[in-house]
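Colleague: I should like to go through the assignments in this model and hear the criterion behind each of them. Please set every value against its definition.

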Amino acid sequence: TPLYSSAASDVYKRQGLIDAHVHVLYPQILKQALVFGLTTVVDMNMVVKTMSDIKKQQAFGKANDMATLISAGMAVTAPGGHGSQFYPVQTIATPEEAQAFVDARLKEGSDFIKIIYDDGTALSNKIPTLDKETLLAVIKAAHERGKLAVVHIMTLREAKEALDAGADGLAPVSYTH
């Protein structure tokens with residue numbers, strides 16, 4: 001399954017570099033990326049309105065001066081978890097919330113699902129994170145919709161648990177034991 005869901009266009013045929021972990025705060029970042037030879041960027045967590053506006057431009061062929069955006073949209077995190085400190089985000093706390101959360105992200109235009117599974121211990125800063133059952137439920141929900149599930153981890157334990165749960169990828173991968 002391809003990461004992107006937009007209609008094929010000339011913008012997908014460009015040759016260039018891909019940055020596989022960015023956070024697009026505003027559309028001008030995509031213009032600057034193209035100047036430096038990045039034809040595609042994979043955003044790991046961004047404001048939905050910004051993503052939506054950019055994807056509309058891409059869909060109508062009005063983004064030829066920008067790198068192509070592939071985005072998770074809003075990442076899945078626990079109440080008070082990593083990511084919630086930057087701006088207000090929707091969170092989940094139980095496995096039963098997983099499918100509705102994933103479906104809402106896909107309706108908004110997310111190309112894949114990014115899950116925060118980071119309890120802060122790598123940085124000696126304990127923070128809430130999803131429990132293993134909720135992690136598993138989100139990954140299953142993404143897979144049921146044919147989407148990849150990429151998990152933000154910071155420790156080797158978190159990486160192993162995410163992979164055991166069926167994660168398709170880890171980002172970032174600089175972790176501690």
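Colleague: What makes E5, H5 and E6 a right-handed β-α-β unit?

Modeller: A crossover is right-handed if, with the strands pointing away from the viewer, the path from the first strand over the helix to the second runs clockwise. The path from E5 over H5 to E6 meets that criterion in this predicted model, and the unit is therefore called right-handed. E4, H4 and E5 also make a right-handed β-α-β unit. The model being predicted, local features need pLDDT of at least 70 and side-chain atom pairs count only at pLDDT 80 or more, while totals for chains, interfaces and linings use all residues. Residues are numbered from 1 along each chain as its sequence is written, and side-chain values use heavy atoms, with hydrogens and water left out.

Colleague: How do you know that E5 pairs with E6?

Modeller: Two strands pair if DSSP finds at least two bridges between them; strands are DSSP runs of E with at least two residues, helices runs of H or I with at least four, both numbered from the N terminus. Two bridges join E5 to E6 (residues 169-170), so the criterion is met, and the two run parallel. In this pairing Val150 stands opposite Gly169.

Colleague: What joins E4 to E5?

Modeller: Four bridges join these parallel strands, and Lys114 stands opposite Val150.

Colleague: Why are both faces of E5 called covered?

Modeller: Buried means under 20% relative accessible area, exposed over 50%, and partly exposed in between (1.4 Å probe, protein chains only). Ala149 and Val151 on one side, and Val150 and His152 on the other, are all buried, so both faces count as covered.

Colleague: How do you know that the span of H4 agrees with its number of residues?

Modeller: The expected span is 1.5 Å times one less than the number of residues. For the 13 residues of H4 (residues 132-144) this gives 18 Å, and the end C-alpha atoms are 18 Å apart, so the two agree.

Colleague: What does H4 pack against?

Modeller: Its buried residues, among them Leu135, Val138 and Ile139, pack against H3 (98-108), E4 (113-116), E5 (149-152) and H5 (156-164). Contact here means heavy atoms within 4.5 Å.

Colleague: What makes the approach of Asp131 to Glu133 a polar contact?

Modeller: The term requires a pair of N or O atoms within 3.5 Å; within protein, one must be able to donate a hydrogen and the other to accept it, and residues adjacent in sequence count only if both atoms are side-chain atoms. At the start of H4, a side-chain oxygen of Asp131 reaches to within 3.3 Å of the backbone nitrogen of Glu133, so the pair qualifies.
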